[in-house]
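Student: Hi! I have a protein model open on my screen and I don't know where to start. Can we go through it together?

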Amino acid sequence: MAVAALLPLAAQAEDIDTEHIFGFMIGSDVGTVGEREFQSQTTGSFAKDGGIYRAFNQQLELEFVPVQNFRVELGTTFMAHDINGVPGFDDRRQLSWQNVSVDLRYRFLGREGAPFGMTLAVETHADRVDETTAAVVRSYGTEFTLAFDREVIPNVAVAAINLSYQPEWTRVALTGAAEQDSTIGAAFGLMAKVRPDILLGGEVRYFRKYGGIGLDDLAGQALFVGPTAYFQISDRSRLTATWSVQAWGRLAGSNAALDLVNFERHQARLVFGVNF
């Protein structure tokens, strides 16, 4: 907010499009009718409770806007894991095709005609490899996200809030064991223009993970904080980079200052998109 307050008021600049400017969060904008995009999203997760833990997620997506205020996104994901000596995890070093996904977003309110923008996103995925442990599974999950955003300084700075709920159903192929869990989250992000084609800011995200899809037993919680940068490379291409560190966490039944069982210490993401 201090950065945004020090920036010159650029009233002559175009309105900020929030569809892709955040890293781990989403904005309320969904694109214009007829818009088509290809997107490459690379996510890295690093450091667990001991040993070596590195996981890289490469998602390839096609996005379409068939009608006003409604966006469809089809994706598939590949993962690479390097796990060695992590308590509770099998040692693995592998590259695998992980999942397919469908992301549907509908914008209920636009900032041009309302005090804030509001969009509901529903992303459903079917996994064949667990994204955390790299075990072979049959897993299905849906993430529901309600996104709000508002320009706090017109054409210069925008703030966003995300509220999320993600239930998961998993069956482990090796043992046949069935598991259910769920995660709820709340996030706040702020992005400000430093140049017409560059926005800088940050995101604060808080998560609570539960056993069972009904938020039955709290397993752990974590707070992530980190910077985000957005670059408009050309009229048709863009790049978003973000990094978050677990600043605080609590594993259920533990007094430790971090939860490195259910969450990682560091998360990073690089997103490249191009219109066609």
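Below, the two of us talk through the fold, the strand pairing and a few single residues.

Tutor: Happy to help! Keep in mind that this is a predicted model.

Student: Okay. How many helices and strands does the protein chain have?

Tutor: The protein chain has 1 helix and 12 strands. Going from the N terminus, the helix comes before the strands, in the order α-β-β-β-β-β-β-β-β-β-β-β-β.

Student: What does the radius of gyration say about the protein chain?

Tutor: A compact globule of 276 residues would have a radius of gyration near 19 Å, and the protein chain has 19 Å, so the two agree. If you want a feel for the dimensions, the C-alpha atoms fill a box of roughly 60 × 40 × 35 Å along the principal axes.

Student: How much of the protein chain counts as buried?

Tutor: Of its 276 residues, 46% count as buried. The accessible surface comes to about 13,500 Å², and 61% of that belongs to carbon and sulfur atoms.

Student: What about charges? How many positive and negative side chains are there?

Tutor: There are 23 positive and 33 negative side chains in the protein chain, and the centres of the two sets lie 2 Å apart.

Student: Now the strands. Which strand does β1 pair with near the end of the list?

Tutor: β1 (36–46) is joined by 10 bridges to β12, residues 266–275, and the two run antiparallel. For one pair you can click on, take Glu 37, whose bridge partner in β12 is Asn 275.

Student: And which other strand is joined to β12?

Tutor: β11, residues 237–251, is joined to β12 by 9 bridges, again antiparallel. There, Trp 243 has Ala 268 of β12 as its bridge partner.

Student: Let's move to the middle. How many bridges join β6 to β7?

Tutor: 14 bridges join β6 to β7, and these strands run antiparallel. Ala 147 stands opposite Asn 162 in β7.

Student: What happens at the turn between β6 and β7?

Tutor: That hairpin has 3 residues between the strands, and Asn 155 takes a positive phi near 65° there. Asn 155 has 12% relative accessibility, which is under the 20% cut-off, so this residue counts as buried.

Student: How far is Asn 155 from Leu 74?

Tutor: They are 81 residues apart in sequence and 31 Å apart in space, C-alpha to C-alpha.

Student: Then what does β7 do with β8?

Tutor: β7 and β8 (residues 178–195) pair in the antiparallel sense over 15 bridges. Glu 168 has Asp 181 of β8 as its bridge partner. The hairpin of β7 and β8 has 5 residues between the strands, and Gly 176 takes a positive phi near 80° in it.

Student: I clicked on Val 194 in β8. Why does Val 194 count as partly exposed?

Tutor: Its relative accessibility is 39%, and partly exposed covers the range between 20% and 50%, so Val 194 falls in that class. The C-alpha atoms of Val 194 and Tyr 165 are separated by 33 Å, while the two residues are 29 apart along the chain.

Student: Back to positive phi. Which residue in the loop between β1 and β2 should I look at?

Tutor: Try Ala 47 in that loop. Ala 47 has a positive phi of about 80° although it is not a glycine. Asn 69, in the loop between β2 and β3, is also not a glycine and has a positive phi of about 70°.

Student: Are those two buried or partly exposed?

Tutor: Ala 47 is partly exposed because its relative accessibility is 27%, whereas Asn 69, at 18%, counts as buried.

Student: Last topic: where is Ser 28, and what does Ser 28 touch?

Tutor: Ser 28 is found in the loop between α1 (2–6) and β1. At 0% relative accessibility, Ser 28 counts as buried. Leaving out residues up to four places away in sequence, Ser 28 touches several residues, including Arg 107, Arg 111, Ala 147 and Asp 149.

Student: And Thr 145 in β6, which residues is Thr 145 in contact with?

Tutor: Among them are Ile 26, Thr 119, Asn 162 and Ser 164, again leaving aside neighbours within four places in sequence. Thr 145 has 9% relative accessibility and so counts as buried.

Notes. Residues numbered from 1 in each chain as written. Heavy atoms only, no water. Helix = DSSP H or I, 4+ residues; strand = E, 2+ residues; numbered from the N terminus. Rg over C-alpha atoms; globule rule 2.2 N^0.38 Å. Buried < 20%, exposed > 50% of the residue type's maximum accessible area, 1.4 Å probe, protein only. Areas by Shrake-Rupley, 256 points an atom, 1.4 Å probe, with all protein chains shown as cover. Lys, Arg positive; Asp, Glu negative; His and termini not counted. Charge placed at Lys NZ, Arg CZ, Asp CG, Glu CD. Contact = heavy atoms within 4.5 Å. Pairing = 2+ DSSP bridges.
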